[in-house]
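Trainee: I would like a close look at a single part of this model. Could you take one strand and walk me through its surroundings?

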Amino acid sequence: MSGKVEISGELDMCCLAAWTAPGQVRSLIEYRLAAWGLGRLVDDAVLIAGELVANAVACTPEREIRVQFAREEAAVLLAVWDSSDAMPVVSPVKELTLDDIEPDARALDDGHDDGTGGWGLPIVQALSDECGVWRTEPLGKWVWTRLRAR
């Protein structure tokens with residue numbers, strides 16, 4: 001991990017796209033929100049951060065990703081960069097009932113996909129005041145979200 005990491009200031013860090021990255025970023029964001037007196041944003045912000053960083057890790061495993069988290073006048077801004085040109089795809093949200101849920105004996109196996117993923121971006125959209133994506137040259141993209149400090 002490299003970059004500017006100060007507990008009371010903005011977060012601007014690069015790290016390896018590994019499955020430990022979402023937890024690291026969630027912790028750093030929680031510390032910053034507490035230092036800024038914005039603890040009421042912690043639950044939403046760390047959930048969003050975990051989703052965006054996990055998506056970046058999935059798109060570019062073992063490559064570098066970048067995370068920026070900044071305080072604005074009336075909001076906080078989180079942006080996650082990865083080197084993949086694949087744009088995020090929001091899966092349609094469908095309502096599940098208990099009848100739709102079945103035990104999966106392989107659920108904890110490495111690499112097992114039970115087909116229930118795809119909820120991350122709808123969650124990000126629901127919790128964010130604004131969110132979006134923009135491409136970077138020569139490759140990659142920033143996925144960003146803004147939460148208002150109400």
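**Strand E4 and its neighbours**

Mentor: Let us take strand E4, keeping in mind that the model is predicted. Strand E4 spans residues 75–82, and because seven of its eight residues are buried, E4 is largely enclosed by the rest of the structure. One of its partners is strand E3, residues 64–71, which pairs with E4 in the antiparallel sense over six bridges; a hairpin of three residues joins E3 to E4, and in this pairing Gln68 stands opposite Ala79 of E4. Another partner is strand E6, residues 141–148, which runs antiparallel to E4 and is joined to it by eight bridges. Within that pairing Leu78 faces Thr145 of E6, while Val80 stands opposite Val143 of E6. Strand E6 is itself mostly covered, with seven of its eight residues buried.

Following the sheet onward from E6, we come to strand E5, residues 130–135, which is antiparallel to E6 and joined to it by six bridges, with Arg135 standing opposite Lys141 of E6. E5 and E6 form a hairpin with five residues between them, and in that turn Gly140 has a positive phi of about 95°.

Returning to E4, the loop between E4 and helix H3 (120–127) contains Trp119. Trp119 counts as partly exposed because its relative accessibility is 33%, a value that falls between the 20% limit for buried and the 50% limit for exposed. Together with Val93 and Leu96, Trp119 makes a nonpolar surface patch of about 280 Å².

Definitions and conventions: Residues are numbered from 1 along each chain as its sequence is written. This is a predicted model: local features need pLDDT of at least 70, side-chain atom pairs count only at pLDDT 80 or more; totals for chains, interfaces and linings use all residues. Side-chain values use heavy atoms; hydrogens and water are left out. Buried means under 20% relative accessible area, exposed over 50%, partly exposed in between (1.4 Å probe, protein chains only). Helices (H or I, at least four residues) and strands (E, at least two) are DSSP runs, numbered from the N terminus. Two strands pair if DSSP finds at least two bridges between them. Patches are made of residues with over 30% relative accessible area and no salt bridge: like charges are joined within 9 Å, nonpolar side chains (Val, Leu, Ile, Met, Phe, Trp, Tyr) within 5 Å. Accessible areas come from the Shrake-Rupley method with a 1.4 Å probe; for residues, only the protein chains shown count as cover. A salt bridge is a side-chain nitrogen of Lys or Arg within 4 Å of a carboxyl oxygen of Asp or Glu.
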